[in-house]
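Student: Could we go through this one together? I keep meeting labels and I'd like to know where they come from.
Tutor: Sure, let's take a look.

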Amino acid sequence: MNSSTISKLLVAAITGSFMLLPQAEAQGNTTANKQNVNVKSSIQYRCMQRAGIPATVAYTPRGAIELIQWQNDFFNASQYTPERRCQEVSDRFQHHSQANNLRFISTGVINNYKAICIAEDTGNCKADGLLLTLEPDDNSETVLRNLFSLEARRQTGGVLRGGGSLPVEPEGKKTIDLNEFLADSPTVDDREYTTK
């Protein structure tokens with residue numbers, strides 16, 4: 001090969017490699033984006049049972065975290081048994097997690113009912129953000145604090161929905177960062193749980 005041919009090949013090789021770099025970079029970014037999405041959606045929310053009591057459990061990369069034990073029969077008359085509420089609320093958590101909008105949780109009114117909901121960082125409920133409908137006499141802020149009380153979790157594990165709750169005085173509107181909450185919550189032994 002003469003030097004002119006070698007120069008042309010070098011230029012082609014160099015140009016080709018520069019043309020490949022953006023493609024490789026784009027593929028790398030796509031992979032990184034997929035990994036970020038997978039990390040968020042790698043948390044699985046399931047309705048499980050422990051000692052016959054339904055519980056919403058978050059299965060995170062660092063272990064299982066019990067979110068709610070369902071013992072309240074207030075909605076039984078409308079056929080929303082603890083088992084049914086557990087399944088529906090767990091499904092809502094899972095749906096919002098897969099949609100990557102399960103970050104902030106707050107309180108509000110949805111469909112004329114007090115609710116715990118997916119919220120903007122400002123604390124306002126998203127219109128389609130229902131997680132949990134509350135009883136008419138519930139203090140929304142107190143229920144939210146009870147459900148997401150790290151102190152209670154360190155003492156007892158999960159928090160009951162019905163059958164008693166921690167006495168917490170409301171201190172104004174609160175917004176929970178679920179990512180931080182799950183990162184700090186104690187895990188439980190998932191061998192104690194079974195599927196319904």
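Student: What sits over the ring of Tyr 59, and how far from its centre?
Tutor: That's the charged end of Arg 46, 4.5 Å from the ring centre. The distance part of the rule asks for CZ of Arg within 6 Å, and 4.5 Å fits that. Keep in mind that this is a predicted model. There's another case too: Arg 84 lies over the face of Tyr 80, at 4.0 Å from the ring centre.

Student: What does the confidence look like in this predicted model?
Tutor: The chain has a mean pLDDT of 75, with 66% of its residues at 70 or more. Over residues 3-39, though, pLDDT is below 50, and that stretch has 3 contacts beyond near neighbours in sequence. Residues 163-170 also stay under 50, and there the model has 14 contacts beyond four places in sequence. Where pLDDT is low, don't read the predicted coordinates in detail.

Student: Why is the pair of Phe 148 and Phe 181 called edge-to-face?
Tutor: Check the numbers. The ring centres are 5.0 Å apart, and a pair needs them within 6.5 Å. The planes meet at 75 degrees, and over 60 counts as edge-to-face, so the label fits. A search of the whole structure finds 2 aromatic pairs.

Student: What makes this pair tie together separate parts of the chain?
Tutor: Phe 148 is in the loop between α3 and α4, while Phe 181 is in helix α5, so the pair joins parts 33 residues apart in sequence.

Student: How do you know whether Phe 148 and Phe 181 are buried or exposed?
Tutor: Buried means under 20% relative accessible area. Phe 148 has 10% and Phe 181 has 4%, so both count as buried.

Student: Why is Arg 50 with Glu 66 called a salt bridge?
Tutor: The closest N and O atoms are 3.5 Å apart, and the cut-off is 4 Å, so the pair qualifies. Arg 50 is in strand β1 and Glu 66 in strand β3, 16 residues apart. Glu 192 joins these two in a network of salt bridges. The structure holds 7 salt bridges.

Student: What makes Arg 50 partly exposed but Glu 66 buried?
Tutor: The line for buried is under 20%, and partly exposed runs from there up to 50%. Arg 50 has 25%, so it's partly exposed. Glu 66 has 2%, so it's buried.

Student: What separates Arg 92 and Glu 88 in helix α2?
Tutor: They are 4 residues apart, which means about one helical turn. Their side chains meet in a salt bridge at 3.6 Å, N to O.

Student: How do you know that Arg 103 and Asp 177 form a salt bridge?
Tutor: Their N to O distance is 2.7 Å, within the 4 Å limit. This pair links a loop between α2 and β4 to strand β8, 74 residues apart. Arg 103 is partly exposed at 36%, whereas Asp 177 is buried at 13%.

Student: Which residues touch the most other members of the largest nonpolar core?
Tutor: Among them are Tyr 45, Leu 67 and Phe 93, out of 26 residues in that core. Strand β3 gives the most to this core, with 4 residues. Tyr 45 touches, among others, Leu 67, Phe 93 and Leu 182.

Key
Residues are numbered from 1 along each chain as its sequence is written. This is a predicted model: local features need pLDDT of at least 70, side-chain atom pairs count only at pLDDT 80 or more; totals for chains, interfaces and linings use all residues. Side-chain values use heavy atoms; hydrogens and water are left out. Rings of Phe, Tyr and Trp (its six-membered ring) pair if their centres lie within 6.5 Å; planes under 30 degrees apart count as stacked, over 60 as edge-to-face and the rest as tilted. Helices (H or I, at least four residues) and strands (E, at least two) are DSSP runs, numbered from the N terminus. Buried means under 20% relative accessible area, exposed over 50%, partly exposed in between (1.4 Å probe, protein chains only). A charge sits over a ring if NZ of Lys or CZ of Arg is within 6 Å of the ring centre and within 35 degrees of the ring normal. pLDDT is the predictor's confidence in each residue, from 0 to 100. Contact means heavy atoms within 4.5 Å. A nonpolar core is a set of buried Ala, Val, Leu, Ile, Met, Phe, Trp, Tyr and Cys residues joined through side-chain atoms within 4.5 Å.
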